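Subject: Structure handover

Hello,

Here is the structure we spoke about. Please open it first, then read my notes below.

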Amino acid sequence: PKTSNTLLTPSAAQRRISSQHPRNATLDKQNQLSSLEVGNSFSKFFEYPPSIYSVSIIPLAFTLMGDHTTMDDIVDCGIDITYLLSDHVALNDVARCASYLTHQRPNLHPFSVKAVCMGTGLGYQQHVSIERFIAVIRTAVEDSSQECIVFNFNPSMIHPKGSNRPPGGDYGLMLDYDQNKGLVTVQDVNPYKYYRVWTVGISTLHHSCCDVDPVSKRARGYIHFRRQFPEPSKGRPFDIRHIKNRHPFKVPTSPQLSGLAFAITELGQVVSPEDIFYSAYNNLRSDGSISNDIFSLNNMQTRFLVSDLVLVARSFLGSSYSVTPVQIPLQIETEKRNAMFEDEIIKGINGPHVLLALYSVAMAHDIMGTIGAALIKYYDSFSKKVTLSDANPTQFGNEWTCTIDNLLRSCTQLGERPTVGLLSIEKLNL
């Protein structure tokens, strides 16, 4: 069954519509929708799917900005439709799908897509203050033909009757911001559960966007769409979609095994983290090379040593691959240590091997967490910044960038049993 078409326009007039608060609304849904039907010469049709999914916000956003997009087009983003039709998809994963779509639809205008996770850092400082939040919203409203903001919020903080929704939050498009009243007008991706257009106070919206998403275990936030050419991807063409994955929109059980599977797949052997786990579990447990408690769920998430991961990798790969920890002496002068680390990064970028970074999430991302895993993708020697392709895109997106000094700190740990570090993995020509 299909729902009726909803007329949307990309015009500035449409995006500055006013709407009464749903609790005080005297107009029914159809009358509210009629306020959107302006500027017919520029109008585009968007049809809501019979069931509302998180990724519905993507064609809605593109359609609102003038590029007619449907749910059918989302299939082109390279993610299996089984996962695309999940009821709840976290912020970074929705942004990933939108970004994939912009690269794979030649008739779509160029868009840059950026997900911004909000919340509070380890020092209790907000990642996105309400002042910055307002500034982003005001800029998008003033240049609505070129920018679009999609909010990911906890609906129970905005709609009291929505507290019985499953976890994962919801999405809405920003239509307008009334600076005098401090009200944001939002078009909801779920018009059947709530009102299609509703208003909310800016502080309430900011608070609900800072709430932690139980799917990603990270604060929600917003996605910023800009009508401009995205920055070209530099460095090695890593793509997390290449690996076999039990679910591309979930936080991996073991980031270390996911990172190892990512590295091996990019070297030409497509594997899944589960393939590695069961192989290593059977091989290493039987011959006593590694203790049984290494394979406990808690250990793989928090205390998986670099040396244990090396054993697992060598057991799985055999003699056709080389797996070597990158040794960076901690006792030498800081300048020399940084130079050695930089040399290893450059060799990893340009060599036949891949560098797998096992890093401290707290140091790298300023949030609570244990160990992350990412492949070194690119290094800018001028800015001294490293680009990494993460094995946990649900939490950290496909790519993120940090200074080489911060990466070194994130991958360095005192003691004889480190859980962070660098691994060099190479396929040998035997």
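Of the 430 residues in the protein chain, 53% are buried. Buried means under 20% relative accessible area, exposed means over 50%, and partly exposed lies in between (1.4 Å probe, protein chains only). This is a predicted model: local features need pLDDT of at least 70, side-chain atom pairs count only at pLDDT 80 or more, and totals for chains, interfaces and linings use all residues. Residues are numbered from 1 along each chain as its sequence is written, and side-chain values use heavy atoms, with hydrogens and water left out.

The overall picture

The protein chain has 17 helices and 16 strands. Both are DSSP runs numbered from the N terminus: helices are H or I with at least four residues, strands E with at least two. Contact here means heavy atoms within 4.5 Å. Among contacts in the protein chain with a separation of 6 or more, 67% are between residues 24 or more positions apart.

The six-stranded sheet

One open sheet has six strands in the order β11-β16-β12-β13-β14-β15, with antiparallel pairing. Two strands pair if DSSP finds at least two bridges between them. The edges are β11 (321-325) and β15 (399-403); each has a single partner strand, so one side of each is left without a neighbour in the sheet. From one strand to the next, the twist averages 35 degrees.

Inside this sheet, β13 (residues 371-380) and β14 (residues 385-390) pair in the antiparallel sense over six bridges. Asp380 stands opposite Lys385 in β14.

Two helices pack on the sheet. Helix α10 (residues 255-266) touches β12 (354-360), β13, β14 and β16 (421-427), and its direction makes about 40 degrees with that of β13. Helix α13 (residues 306-317) touches β11, β12 and β16, and its direction makes about 175 degrees with that of β11. Axes are lines fitted to C-alpha atoms, for helices over the stretch in contact, and angles run from 0 to 180 degrees between N-to-C directions.

Leu423 is worth a look. Leu423 sits in strand β16. Its relative accessible area is 0%, so Leu423 is buried. Leaving aside neighbours within four places in sequence, Leu423 is in contact with residues including Val306, Leu309, Thr324 and Leu355. Leu423 and Gly348 are 75 residues apart in sequence, yet 9.9 Å apart in space, C-alpha to C-alpha.

Strand β10 and the cores

Next, go to strand β10 (residues 221-226). Five of its six residues are buried, so β10 is largely enclosed by the rest of the structure. Six bridges join β10 to strand β3 (residues 112-117), and the two run antiparallel. Strand β4 (residues 147-153) also pairs with β10 in the antiparallel sense, over six bridges. Which residues face His224 in β10? Lys114 stands opposite His224, and Ile149 stands opposite His224 too.

The largest nonpolar core has 70 residues, and those with the most contacts inside it are Ile57, Ile58, Phe225 and Ile276. A nonpolar core is a set of buried Ala, Val, Leu, Ile, Met, Phe, Trp, Tyr and Cys residues joined through side-chain atoms within 4.5 Å. Not counting residues up to four places away in sequence, Phe225 touches ten residues' worth of surroundings that include Ala61, Phe62, Met65 and Val150. A second, separate core of 24 residues includes Leu355, Ala357, Ala364 and Cys402.A helix pair and a covered strand

Helix α7 (residues 130-142) and helix α9 (residues 202-209) pack at an angle of about 105 degrees, with their axes 11 Å apart. That makes α7 roughly perpendicular to α9 (65 to 115 degrees; under 35 counts as roughly parallel, over 145 as roughly antiparallel and the rest as oblique). Residues in the contact include Phe133 and Ile137 of α7 and Leu205 and His206 of α9.

Strand β7 (residues 197-201) is mostly covered, with four of its five residues buried. Five bridges join β7 to strand β6 (residues 183-188), and the two run antiparallel. Val184 stands opposite Val200 in β7.

Two lysines to check

Most residues other than glycine have a negative phi. Lys217 has a positive phi, near 60 degrees. Lys217 is in the loop between β8 (212-213) and β9 (218-219). Its relative accessible area is 53%, so Lys217 is exposed. Lys384 also has a positive phi, of about 60 degrees. Lys384 lies in the loop between β13 and β14. Its relative accessibility is 35%, so Lys384 counts as partly exposed.

Best wishes
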